[in-house]
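Work through the exercises below with the model open. Each task is followed by its solution.

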Amino acid sequence: MKKLLNDPADVVSDALRGMALAHPELRVDHENRVVFRGDAPVQGKVGIVSGGGSGHEPMHGGFVGRGMLDAACAGEVFTSPVPDQIQAATAGVEGGAGVLHIVKNYTGDVMNFEMAAEIVAAESGTEVATVVVDDDVAVTDSLYTAGRRGVGTTVLLEKIVGAAAEEGRPLAEVADLAKRVDDAGRSMGVALTSCTVPAAGTPTFELADDEMEIGIGIHGEPGRRRVPLAPAREVAAMLVEPVLADRTFTDGVICFVNGMGSTPLLELYVVYAEVAAILEKAGIGIARSLVGPYMTSLEMAGCSVTLVQADDELLRLWDAPVVTPGLRWGA
């Protein structure tokens with residue numbers, strides 16, 4: 001295992017220490033491993049909290065800031081944050097308008113966020129709403145989920161919903177918007193290599209040099225099938241076709257080609273060009289795009305494609321200013 005670490009047991013704490021030093025506009029609660037926007041809680045604004053296992057950076061801590069998340073909980077690598085962390089995050093962003101939890105559909109995440117929401121409501125009376133993101137079309141159930149996994153749509157949803165909360169919208173409206181974005185999004189991914197969890201020290205799974213896994217999860221969960229390595233044009237089709245088969249898309253989609261950690265932008269743009277060609281042939285116009293490693297799986301090679309059916313409101317919220325370590329525009 002070749003990684004830039006001190007002790008594998010300290011990787012999350014060490015990374016949060018570095019993040020706090022690199023981004024003084026944020027506030028990091030090291031005891032609870034929660035990243036807050038520096039001005040949290042913002043009075044009168046719905047607080048937006050997300051989080052999950054570390055190893056997917058910049059998801060979620062890199063999306064904390066104005067126009068996106070108010071706080072993110074950092075679990076151990078590929079492990080859900082615990083209820084105490086989520087409670088601390090929720091209490092730290094409550095500005096009197098309630099809190100929305102954005103949860104990727106993994107069993108541990110759903111259970112721990114649910115427990116935390118119940119405890120917060122009982123102890124403080126804070127109103128907490130929850131949306132569970134379940135956009136992965138690859139498999140219905142997996143090693144870590146009941147139902148579909150939550151993947152790339154999470155990034156787009158956090159941006160759109162964060163903008164709505166910044167406008168001062170009430171909790172019920174922000175939660176309804178989150179559910180609407182989840183319903184509008186579908187994703188599919190591919191892995192060319194495995195990744196190595198620091199504590200394990202060995203690859204999560206094995207892929208031959210001439211193989212790839214279609215429909216892989218962000219923790220290395222098995223996908224739909226293992227197939228021979230293919231050109232980017234064919235890989236793009238293997239990802240886009242199941243997405244289009246699962247939901248009707250028309251003009252005005254947000255198209256997100258995500259890198260899994262070690263795939264260079266050079267290759268991601270090759271894939272994006274092929275995805276755009278497939279969508280054009282299908283009569284689906286791209287209104288906005290995002291290309292890059294935003295929801296990674298440590299050093300896994302591969303990518304995912306996410307489409308979100310947008311309308312004028314969603315596009316306006318997507319275009320709204322955002323100031324975070326991972327996304328920044330309009331400010």
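Contact means heavy atoms within 4.5 Å. The model is predicted: local features need pLDDT of at least 70, side-chain atom pairs count only at pLDDT 80 or more, and totals for chains, interfaces and linings use all residues. Residues are numbered from 1 along each chain as its sequence is written, and side-chain values use heavy atoms, without hydrogens and water.

**Exercise 1.** Find what surrounds Asp-29, leaving aside its neighbours within four places in sequence.

*Solution.* Step one: list the contacts. They are Val-34 and Phe-36. Step two: check the charge. Asp-29 is buried (under 20% relative accessible area, 1.4 Å probe, protein chains only). It has no salt bridge (side-chain nitrogen of Lys or Arg within 4 Å of a carboxyl oxygen of Asp or Glu). Arg-27, the nearest side chain of opposite charge, is 6.3 Å away. Step three: look for polar atoms. The backbone nitrogen of Glu-31 lies 3.1 Å from a polar atom of the Asp-29 side chain.

**Exercise 2.** Describe the aromatic pair of Trp-318 and Trp-329.

*Solution.* Step one: apply the criterion. Rings of Phe, Tyr and Trp (its six-membered ring) pair if their centres lie within 6.5 Å; planes under 30 degrees apart are stacked, over 60 edge-to-face, the rest tilted. Here the centres are 5.2 Å apart and the planes 55° apart, hence tilted. Step two: place the partners. Trp-318 lies in helix α8 and Trp-329 in strand β14, so the pair ties together parts 11 residues apart in sequence (helices: DSSP H or I, at least four residues; strands: E, at least two; numbered from the N terminus). Step three: compare burial. Trp-318 counts as buried because its relative accessibility is 3%. Trp-329, at 25%, counts as partly exposed (between 20% and 50%).

Conventions
Lys, Arg positive; Asp, Glu negative; His and termini not counted. Polar contact = N/O pair within 3.5 Å; in protein donor to acceptor, adjacent residues only side chain to side chain.
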